[in-house]
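Colleague: I am new to this one. Could you take me through it step by step?

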Amino acid sequence: MFSRKLTRPIAVVATAIGGGAYGIFAATSSSGSGTASAATAKVIPFHRGQPSASKVVGQVPQGWSPGSGTIVTGTAANKAEAAAVAAYAGGTVNRVVLLSNGDYNVHLIGVNWPHHVFVNTDFKVIGAE
């Protein structure tokens, strides 16, 4: 009854709506939890074919490496997300990762920079890369 051509797009849409493996959080918070220097930072929009910027602002947790930590959800993740989005509006948060030192790595997509926003246990933005 259903065409194979129709089944795949429906599965893709269902995955996007359901959040996929990690969940996709809407980056719409307007909380003022970011630091003063981070709040004035600008995201660099994603443009296909243009290289990503490579810069670090503020503090990156010592010993951090991409892929480290544990993906988290819930109240703490929501607070970390709100702080990151308040400081770096324009991207979409697709996951929040709890690092071994207790800080959070809020992972932004849809922008070339920043890709990782670091938030401390007091939900203040401490750095970005």
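Modeller: One term is needed before the strands: two strands pair if DSSP finds at least two bridges between them. Strand S4 (residues 92–98) and S5 meet that rule, with six bridges in the antiparallel sense. Keep in mind that this is a predicted model.

Colleague: Which residue in S5 stands opposite Leu 98?
Modeller: Leu 98 belongs to the pairing of S4 with S5, which is antiparallel. Its opposite residue in S5 is Tyr 104.

Colleague: In what order do the six strands of the sheet lie?
Modeller: The sheet is open and its pairing is antiparallel. Strand S2 (57–58) and strand S3 (70–72) each have a single partner strand, so they stand at the edges, with one side of each left without a neighbour in the sheet. From one edge to the other, the order is S2-S8-S7-S5-S4-S3.

Colleague: How many bridges join S7 to strand S5 (residues 104–109), and how many pair S7 with strand S8 (residues 125–128)?
Modeller: Both pairings are antiparallel. In the first, Asn 105 has Phe 118 of S7 as its bridge partner; in the second, Val 117 is partnered by Ala 128 of S8. S5 is joined to S7 by four bridges, and S7 pairs with S8 over three.

Colleague: Which residues of strand S7 (residues 116–119) point one way, and which the other?
Modeller: Burial does not separate the two groups, as all of these residues are buried. His 116 and Phe 118 point one way, and the other way point Val 117 and Val 119.

Colleague: How many aromatic pairs does the structure hold, and is the pair of Trp 64 and Phe 118 edge-to-face or stacked?
Modeller: The structure holds three aromatic pairs. Trp 64 lies in the loop between S2 and S3 and Phe 118 in strand S7, so their pair ties together parts 54 residues apart in sequence. Both residues are buried. The ring centres are 4.9 Å apart and the planes are at 75°, over the cut-off of 60 degrees, so the pair is edge-to-face.

Colleague: What kind of aromatic pair do Tyr 104 and Phe 123 form?
Modeller: Tyr 104 is in strand S5 and Phe 123 in the loop between S7 and S8, so this pair links parts that are 19 residues apart in sequence. Phe 123 takes a positive phi near 60° in that hairpin, which has five residues between the strands. Tyr 104 and Phe 123 are both buried. With 5.7 Å centre to centre and 25° between the planes, the pair is stacked.

Colleague: How far apart are the end C-alpha atoms of helix H3 (residues 75–87)?
Modeller: H3 has 13 residues, and at 1.5 Å a residue it should span 18 Å. The end C-alpha atoms agree with that, being apart by 19 Å.

Colleague: Is Ala 87 buried or exposed?
Modeller: Ala 87 lies in helix H3. From Ala 128 it is 41 residues away in sequence and 9.9 Å in space, C-alpha to C-alpha. Because its relative accessibility is 2%, Ala 87 counts as buried.

Colleague: Which element has the lowest mean pLDDT?
Modeller: The mean pLDDT of the protein chain is 74, and 62% of its residues reach 70 or more. Over residues 1–40, pLDDT stays under 50. S3 has the highest mean among the elements, 97, and the lowest, 41, belongs to helix H2 (residues 36–39).

Key
Residues are numbered from 1 along each chain as its sequence is written. This is a predicted model: local features need pLDDT of at least 70, side-chain atom pairs count only at pLDDT 80 or more; totals for chains, interfaces and linings use all residues. Side-chain values use heavy atoms; hydrogens and water are left out. The expected span of a helix is 1.5 Å times one less than its number of residues. Buried means under 20% relative accessible area, exposed over 50%, partly exposed in between (1.4 Å probe, protein chains only). Rings of Phe, Tyr and Trp (its six-membered ring) pair if their centres lie within 6.5 Å; planes under 30 degrees apart count as stacked, over 60 as edge-to-face and the rest as tilted. pLDDT is the predictor's confidence in each residue, from 0 to 100. Contact means heavy atoms within 4.5 Å.
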